[in-house]
Structure formats: C-alpha cells, structure tokens
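Good morning, colleagues. I would ask you to keep the sequence and the structure in view while I speak.

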Amino acid sequence: MMLIAQNMKSEVVLQKHEFEVAMTCEGCSGAVTRILNKLGDVKFEIDLPNKLVWIESDKDVDFLTETLKKCGKDVKYNGTK
C-alpha cells in the first residue's frame, strides 16, 4: 500500500472593502495610492468623482481605516462589496 502526502495550502479569501475618503483632487487620490502601495499586499481601486476606495486585503478593517487616515482625509467604512 502506498501513502501519498499532499501539502494542503489553505487559501485566504480576500474581502473587498469599500471606504468613503474625502478626496477632492488627483493629489488626494495620489496620496491614497502612495499609502496603500506601501502595504504591498493589497489590491485597490479609487473612484475619485464618487470619493470611494475599494480595497481587497486580508488586513482587518480597523487597520485599513487607520492606514487611509494617514493621508489626512476623513474616512468612512461602508462595508464589504
């Protein structure tokens, strides 16, 4: 009888979080981009006209909120999408 061991790697499901960020110009969205790029392991989209940021990450909401606040703008969490 032959036994085969398989390495079962658990998959992390990334949630897509929506935030309202008080961005008024491309400089604001650029600041958000720079801050999120520093995290390295997140995917994000910015909708400047609607002042929305969507972030896909395994980080918790509090961490993401505090990270976004580093751009100096008001931030509101809208939930997952």
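I shall begin with the overall architecture, continue with the packing of the helices, and then turn to the salt bridges and to one glycine.

Please bear in mind throughout that this is a predicted model. The chain contains 2 helices and 4 strands. Read from the N terminus, the order of these elements is β-α-β-β-α-β. The chain has 81 residues, of which 32% count as buried. As for contacts, if we take those with a separation of 6 or more, 66% of them are between residues 24 or more positions apart.

Let me turn to the helices. Helix H1 covers residues 26-39 and helix H2 covers residues 61-69. Their axes lie 9 Å apart, and the packing angle is about 135°. H1 and H2 are therefore described as oblique to each other. The crossing of H1 past H2 is right-handed.

Which residues form the contact between H1 and H2? From H1 we have Val 32, Ile 35, Leu 36 and Leu 39. These meet Phe 63, Leu 64, Thr 67 and Leu 68 of H2. By character, the residues of this contact comprise 7 nonpolar and 1 polar, with no charged residue.

I come now to the charged side chains. How many salt bridges does a search of the whole structure find? The search returns 4, and I shall discuss some of them individually.

Consider Lys 16 and Glu 45, whose side chains form a salt bridge at 3.0 Å, N to O. This pair joins distant parts of the chain, since Lys 16 belongs to strand E1, residues 15-21, and Glu 45 to strand E2, residues 43-47, with their positions 29 residues apart in sequence. Lys 16 has a relative accessible area of 26% and is partly exposed. Glu 45 is also classed as partly exposed, at 40% relative accessibility.

Next, Asp 41 and Lys 59 are paired through their side chains at 3.2 Å, N to O. Here, too, distant parts of the chain are linked: Asp 41 is in the loop between H1 and E2, whereas Lys 59 is in the loop between strand E3 (52-57) and H2, and the two are 18 residues apart. Asp 41 is partly exposed, at 39% relative accessibility. For Lys 59, the corresponding value is 25%, which places this residue among the partly exposed as well.

A further salt bridge, at 3.7 Å, N to O, joins the side chains of Lys 69 and Glu 66. Both residues are in helix H2, and because they are 3 residues apart, about one helical turn separates them. Lys 69 counts as partly exposed at 39% relative accessibility, and Glu 66 counts as partly exposed at 47%.

Finally, I would draw your attention to Gly 79, which is located in strand E4, residues 75-80. Is this glycine buried or exposed? Gly 79 has a relative accessible area of 14% and is therefore buried. Apart from neighbours within four places in sequence, Gly 79 is in contact with Lys 16, His 17 and Glu 18. From Gly 79 to Glu 18 the C-alpha to C-alpha distance is 5.6 Å, although 61 residues separate the two in sequence. Lys 16 thus appears twice in this account: in contact with Gly 79, and in the salt bridge with Glu 45.

Thank you for your attention.

Technical notes
Residues are numbered from 1 along each chain as its sequence is written. This is a predicted model: local features need pLDDT of at least 70, side-chain atom pairs count only at pLDDT 80 or more; totals for chains, interfaces and linings use all residues. Side-chain values use heavy atoms; hydrogens and water are left out. Axes are lines fitted to C-alpha atoms, for helices over the stretch in contact, and angles run from 0 to 180 degrees between N-to-C directions. Angles under 35 degrees count as roughly parallel, over 145 as roughly antiparallel, 65 to 115 as roughly perpendicular and the rest as oblique. A crossing is left-handed if the near helix is turned anticlockwise from the far one by less than a right angle, and right-handed if clockwise. Contact means heavy atoms within 4.5 Å. Ala, Val, Leu, Ile, Met, Phe, Trp, Tyr, Cys and Pro count as nonpolar, Asp, Glu, Lys and Arg as charged, and the others, Gly among them, as polar. Buried means under 20% relative accessible area, exposed over 50%, partly exposed in between (1.4 Å probe, protein chains only).
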